[in-house]
Amino acid sequence: MREYLLTELFVTGTEINYLFICKTKLWYFSKGITMEQESEWVDLGKFLHEKSYFGEEKEVKIGPISIDFIKKDDIIEVHEVKKGKSMEKAHEMQALYYLYYLKKLGINAKAILNYPKLRETKEITLEGREKEVEDSIREVERIKSFPIPPKPVKTKKCKTCAYYELCWV
Amino acid sequence: MRKKSLTLFSDGTLYRKENTLYFENAQGKKPLAIEGIYDIYIYGKVTITSQALHFLAQKGIAVHFFNHYGYYDGSFYPRESLHSGDLVIKQAEHYLDREKRLRLAKLFVRGASKNMERNLKRFGAEGNFSELLEELEDTRKITDVMNVEARIRQEYYALWDETLPDGFKIVKRTRRPPQNEMNALISFLNSRLYPAIISELYNTQLTPTISYLHEPSERRFSLALDLSEIFKPIIADRIANRLVKQGVIKKEHFREDLNGVLLNDEGKKIVLKAFNEEMRKSVKHPKLKRNVTKQRLIRLEAYKLIKHLVGTQEYEPLVAWF
Ligand code: SF4
């Protein structure tokens, strides 16, 4: 498995997320064909690089996801606030990816997904799930290597997707 | 909130104070909500401070300038924010590969012709270009494609002319400077349409300098020229036809100048108002099954081009169904 640069973290985290949402979207995104909403995302890789988050709360917004880094005792808690559960798998895998990544940096962390609207939280730890993350990364790379984007499949997700017009015009 | 195009017709100053953009003219100063601006069209004598330009660049807002006659001069095109190296390579590949370039060039001409045919029907004239379009298919050189396009256009103007009121005949399509009213009107509208297309391209990853029907050296944003072939008939020509036939634009809205016939200020205002209204009108898109504005149709055309270039779907030029 190849090593990733810190600055790739943001893109890859998003790509992992997209892998579980839509492969067409993942392909376009990975080729730099992004839609307006995506263009203002904060670079999490750069943020982590500054390393200043240790010991205090910091918030990073990545598109629809907002991540809080909280240090509790000796563990970093990555909090992600989510609107709903429709993208649960995608969120979870993205969180796992961050944990996987932080671990490689020697940082022990766990993630808490917060669903304020549902008054629910979900704790995620990497333990025993490394392979899932690695498989996802490989799958992302496989899709990115396609010469043309995977054929779009119309689902409920398309309705609110920023790529709707591109896919269906 | 849907962002809007801003037209500055009067003379004044555009400046930034803290996080607000202001336009100050003889009537006073007016704050402009920057988040609501899509792009800016400047017809008046406007002074822009560098701070205002920095602010606009930061927000990715293009500013288009028009000269004293109302014709497009140039754009302030902020450093591009959307990049895709892969797409640039695909765009170049489709230019360099003769077959691929010809294919696209012919599609632009085909789309333009179909829209002209459609207009003729609307305008109450008869005519179709099927023979010329057959000839188009056999062309092997870009110059020949251009040539067929010119002949189609010539025929189109002649047929359209038969439906136009006296005093507003195109007779011979003349540019730079237009020699009569209808020519002035069409040129003015095309001049407004072209930067609108540039703005749409700015909001995609397409490189506006690589084009297919037109030579990339022809003008800086030559891809906008390619796309304007599709949109000139369905936007500019339709507005011109309507304004003249409904008598909204009259002889009194023009003036003569050393430079030929020109719209006067009142005429320009009427036309710009009609143009802005037209761009905001929506039509139901048969494939998207959604309402889209005429302006958005330009963006969709850019998306179709992206899909053609990456190899997902062959470009099918927009033929007005409305
Ligand atoms: S519109 Fe649908 S198919 Fe296209 S990228 Fe979005 S979710 Fe995927």
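Hi everyone. Let me begin with a definition: a salt bridge here is a side-chain nitrogen of Lys or Arg within 4 Å of a carboxyl oxygen of Asp or Glu. One pair that fits is A:Glu132 with A:Lys89, whose side chains meet at 3.6 Å, N to O. That distance lies within the 4 Å cut-off, so the pair counts as a salt bridge. Please keep in mind that this is a predicted model.

Where do those two partners sit? A:Glu132 belongs to helix 5 of chain A, residues 130-144, while A:Lys89 belongs to helix 4 of chain A, residues 88-104. The two are 43 residues apart, so by the definition of helices as DSSP runs this bridge links distant parts of the chain, one helix to another. As a reminder, side chains of opposite charge can pair when their charged atoms come close. Searching the whole structure gives 32 salt bridges over all chains.

Now to the interface. How many salt bridges does the rule find between chain A and chain B? Just one turns up across that interface. A:Glu165 and B:Arg296 meet there through their side chains, at 2.6 Å, N to O. The rule also picks out eleven residue pairs in polar contact across the interface, with both residues at pLDDT 80 or more.

Which elements of chain A give two or more residues to the side that touches chain B? They are helix 2, covering 23-30, and helix 6, covering 164-168. Helix 6 of chain A provides the largest share, five residues. By residue type, this side of chain A has 13 nonpolar, three polar and four charged residues.

In terms of contacts, 20 residues of chain A touch 22 residues of chain B. People often give the size of an interface as the accessible area lost when the parts come together. For chain A and chain B, the buried area is about 1800 Å², with carbon and sulfur atoms giving 55% of that.

Last topic, the cavities. The structure has two of 30 Å³ or more, and the largest has a volume of about 40 Å³. Ten residues line that largest cavity, and the closest to its centre are A:Thr34, A:Met35, B:Asn203, B:Thr204 and B:Tyr303. The lining comprises four nonpolar, four polar and two charged residues.

That's my tour. Thanks for listening!

Conventions
Residues numbered from 1 in each chain as written. Chains lettered and ligands numbered in written order. Predicted model: local features only at pLDDT ≥ 70, side-chain atom pairs only at ≥ 80, totals over all residues. Heavy atoms only, no water. 1 Å grid on protein atoms, 1.4 Å probe; cavity = no way out; pocket = protein on both sides within 12 Å on 5 of 7 lines; lining within 4 Å. Points joined across faces, edges and corners; volume = space filled by probe spheres on them. Nonpolar A, V, L, I, M, F, W, Y, C, P; charged D, E, K, R; others polar. Contact = heavy atoms within 4.5 Å. Buried area = accessible area lost by both parts, 1.4 Å probe. Polar contact = N/O pair within 3.5 Å; in protein donor to acceptor, adjacent residues only side chain to side chain. Helix = DSSP H or I, 4+ residues; strand = E, 2+ residues; numbered from the N terminus.
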